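Student: I would like a close look at how the helices of this chain pack against one another. Please take me through the pairs and the residues between them.

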Amino acid sequence: MVHLHITVWLLAIILLFIVIGLQNSGKEKGAKILQMILRLDYLVILYSGGSMFAQLWKWDTVNTGEVIVKALAGLWVIITIEMIGIRNGKNKSTKGLWIQFVIAFLITLILGFGRLPLGVQLFG
């Protein structure tokens, strides 16, 4: 489940940059199609993340506070990705959303790869 989760959120980030590129080049139809695919990608992220959340929740040795914070930060990442795509399509400023995205993504990465026991341990 961990590999599926990592693959799908990497795909979501790649799709976000493609959507932004298409929107900036004026290809709205292609951007809309990829935005819909990105929204389907969110469902797979939520499914795989929810499955890992439930698995970690069962373990008594895991700090449940960190699991909750990681889940909330992951939701925050999904929300900011969606809002960046929407606001960029309307030619509105996305600077604050990009800052939020980076903060939430770093929190999620540090907890996921450094603190919590499932998956690949890169930072420790």
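Tutor: From the N terminus on, the elements run α-α-α-α. That comes to four helices and zero strands. Keep in mind that this is a predicted model. Along the principal axes, the C-alpha atoms fill a box of roughly 50 × 25 × 20 Å. The chain has 124 residues, and 38% of them count as buried. Take the contacts with a separation of 6 or more: 65% of them join residues 24 or more positions apart.

Now the packing. Two packed helices are described by the angle between their axes and the distance between the axes. We can go pair by pair.

Start with H1 and H2. Their axes come within 9 Å and cross at roughly 160°. Angles over 145 degrees count as roughly antiparallel, so H1 is roughly antiparallel to H2. The crossing of H1 and H2 is left-handed. Sorted by class, the residues of this contact are 18 nonpolar, six polar and two charged.

Val19 gives a view from inside H1. Its relative accessible area is 1%. The cut-off for buried is under 20%, so Val19 is buried. Leaving aside neighbours within four places in sequence, Val19 is in contact with Ala31, Leu34 and Gln35. H2 covers residues 28-58. For a longer reach along the chain, pair Val19 with Arg87: they are 68 residues apart in sequence, and their C-alpha atoms are separated by 12 Å.

Next, H1 and H3. H1 spans residues 2-24 and H3 spans residues 64-89; their axes come within 9 Å and cross at roughly 20°. Angles under 35 degrees count as roughly parallel, and H1 and H3 are therefore roughly parallel to each other. H1 passes H3 in a left-handed crossing. From H1, the residues that meet H3 are His5, Leu16, Ile20, Gln23 and Asn24. From H3, the partners are Lys70, Ile81, Ile84, Gly85, Asn88 and Gly89. By class, this contact has four nonpolar, six polar and one charged residues.

Then H3 and H4. The axes of H3 and H4 come within 8 Å and cross at roughly 150°. This crossing, too, is left-handed. H3 brings Glu66, Val69, Lys70, Ala73, Gly74, Trp76, Val77, Thr80, Ile81, Met83, Ile84 and Arg87 to the contact. H4 answers with Leu97, Trp98, Gln100, Phe101, Ile103, Ala104, Phe105, Ile107, Thr108, Leu111, Gly112 and Arg115. By class, there are 15 nonpolar, five polar and four charged residues in the contact of H3 with H4.

Two residues of that contact deserve a closer look. Take Thr108 first. Thr108 sits in H4, which runs over residues 95-115. Its relative accessibility is 14%, so Thr108 counts as buried. Beyond residues up to four places away in sequence, Thr108 touches Lys70, Ala73, Gly74 and Val77. Those four are among the H3 residues of the contact with H4.

Now Phe101. With residues up to four places away again left out, Phe101 touches Ile13, Val77, Thr80, Ile81 and Ile84. Val77, Thr80, Ile81 and Ile84 belong to the H3 side of the H3 and H4 contact.

Phe101 leads on to the core. In soluble globular proteins, nonpolar side chains tend to be buried together. Here the largest nonpolar core has 30 residues. Trp9, Ile81 and Phe101 have the most contacts inside this core. H1, H2, H3 and H4 are the elements that give two or more residues to it. The largest share, 11 residues, comes from H1.

Last, step out to the loop between H3 and H4, where Asn91 is found. Asn91 is not a glycine, yet it has a positive phi of about 60°. Its relative accessible area is 69%. Exposed means over 50%, so Asn91 is exposed. Set that against Val19, which is buried at 1%.

To pull it together: H1 is roughly antiparallel to H2 and roughly parallel to H3. H3 and H4 cross at roughly 150°. The largest nonpolar core takes two or more residues from each of H1, H2, H3 and H4.

Key: Residues numbered from 1 in each chain as written. Predicted model: local features only at pLDDT ≥ 70, side-chain atom pairs only at ≥ 80, totals over all residues. Heavy atoms only, no water. Buried < 20%, exposed > 50% of the residue type's maximum accessible area, 1.4 Å probe, protein only. Contact = heavy atoms within 4.5 Å. Axes fitted to C-alpha atoms, helices over the stretch in contact; angles between N-to-C directions. Parallel < 35°, antiparallel > 145°, perpendicular 65-115°, else oblique. Left-handed = near helix turned anticlockwise from the far one by under 90°. Nonpolar A, V, L, I, M, F, W, Y, C, P; charged D, E, K, R; others polar. Core = buried A, V, L, I, M, F, W, Y, C linked by side-chain atoms within 4.5 Å.
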